[in-house]
Amino acid sequence: MHAHSYLFVPGTQPQRIAKAFAAGAEAVIVDWEDAVAAAEKAQARENLAIYNAGEDVRPVWLRINDAEAPEYAADVAAVAGLDCVVGIFLPKAQQAAHIEALYRATGKPVAVIVETATGMLNLAALAAAPGVARLTYGRLDLANDLGMAVHSAAAETVFDRLRTDLLLHSVANALPPPLDSVFPDFKNNAGLADYVARWRDMGFGGMLCIHPAQIAVIQQMLQADAAELDFARRVCAEFNASGSAAFQIDGKMVDLPVIRRAQALLSRYGS
């Protein structure tokens, strides 16, 4: 099963990796990009190497610097010796060739972060590049690149367009459901719950997180609805018993798409 919650940990504070998992994060992203000042980049690489050689090492994802950044080559070289890194988040992804080259150089699957107009326009090629593991986007950097007010309703229209494209290209390329971007106001649980409901209902599969307190809200919002699960069980039971792909339950017409949805729900949440 693919992770729903990816929690960022600054590369300068590797002690937070264990704390992030203890908080319930399904995946941890060690950040060598935005969370690390230029003067501390080398130390962040050394910190992860020390973690990799230590005890009680758990698999982590890694956000490196973007393909045009001065630190990119050093980041890629450092990843080669890090067995703890199970995949790489590539920020400001713009060219499919960069994704393929990163995958070939490291052997690690690449999660693509769309954060620029060029990345949006090239999304079809990015999603189809060899080595792609998952698609996501960065709200703040994209808003800056497009000149949008990031927290405005107007900006949400653009983000929704991108969400639709991310979802379509994920399905078309047999990728896991995309991840939504961070929700910066980590003390606003009600706002986070609304945010999770939005991407959940759009077909996204998880989100990037900036604070451990967000994990519990995400987990709660992703619990299966009891009534919906009960209906799915009865749909599948009738289908298995009768073999018919057209019948009624509770006055509702059931056909093959409804049966397939019921099977998917039970597969995801258990029978």
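## How helices α11 and α12 pack

In this predicted model, helices α11 and α12 are oblique to each other, because the angle at which they pack, about 120 degrees, falls neither under 35 degrees, nor over 145, nor in the range of 65 to 115. Two packed helices are described by the angle between their axes and the distance between the axes. For this pair, in which α11 covers residues 226–242 and α12 covers residues 256–269, the axes lie 9 Å apart, and the crossing is left-handed.

On the side of α11, the residues that take part in the contact are Glu228, Leu229, Phe231, Ala232, Arg233, Val235, Cys236 and Phe239, while α12 contributes Val258, Ile259, Arg261, Ala262, Gln263, Leu265, Leu266 and Tyr269. When the residues of this contact are sorted by character, 12 are nonpolar, 1 is polar and 3 are charged.

## A salt bridge between the two helices

Two of the residues named in that contact, Glu228 in α11 and Arg261 in α12, also form a salt bridge with each other, in which the closest N and O atoms are 2.5 Å apart. This pair links distant parts of the chain, since Glu228 and Arg261 are 33 residues apart. Glu228 has a relative accessibility of 31% and therefore counts as partly exposed, a class that lies between buried, under 20%, and exposed, over 50%.

## Arg45 and its surroundings

The structure holds 17 salt bridges, and one of them joins Arg45 to Asp75, with the closest N and O atoms 2.8 Å apart. Arg45 lies in helix α2 (residues 41–52) and Asp75 in helix α3 (residues 72–79), so this pair ties together parts that are 30 residues apart in sequence.

Is Arg45 buried or exposed? With a relative accessibility of 14%, Arg45 counts as buried, because buried means under 20%, and its partner Asp75 is buried as well. If the neighbours within four places in sequence are left aside, Arg45 is in contact with Trp32, Glu71, Ala74, Asp75 and Ala78, so that its salt-bridge partner Asp75 appears in this list of contacts too.

## A network of salt bridges

Another salt bridge is formed where the side chains of Arg163 and Glu156 meet, at 3.2 Å from N to O. Arg163 is buried, with a relative accessible area of 1%.

Which residues are joined into one network by salt bridges that share partners? They are Arg139, Glu156, Asp160, Arg163, Asp180 and Arg198, and the list therefore includes both Arg163 and Glu156, the pair described just above.

## Two residues with a positive phi

Most residues other than glycine have a negative phi. Ala174, although it is not a glycine, has a positive phi of about 55 degrees. Ala174 is placed in the loop between α8 (153–172) and β7 (179–180), and with a relative accessible area of 69% it is exposed.

Asp250, which is not a glycine either, has a positive phi of about 55 degrees. Where does Asp250 lie? Asp250 is found in the loop between β9 (247–249) and β10 (252–254), and at 52% relative accessibility Asp250 counts as exposed, because exposed means over 50%.

Note on methods:
Residues numbered from 1 in each chain as written. Predicted model: local features only at pLDDT ≥ 70, side-chain atom pairs only at ≥ 80, totals over all residues. Heavy atoms only, no water. Axes fitted to C-alpha atoms, helices over the stretch in contact; angles between N-to-C directions. Helix = DSSP H or I, 4+ residues; strand = E, 2+ residues; numbered from the N terminus. Left-handed = near helix turned anticlockwise from the far one by under 90°. Contact = heavy atoms within 4.5 Å. Nonpolar A, V, L, I, M, F, W, Y, C, P; charged D, E, K, R; others polar. Salt bridge = Lys/Arg side-chain N within 4 Å of Asp/Glu carboxyl O. Buried < 20%, exposed > 50% of the residue type's maximum accessible area, 1.4 Å probe, protein only.
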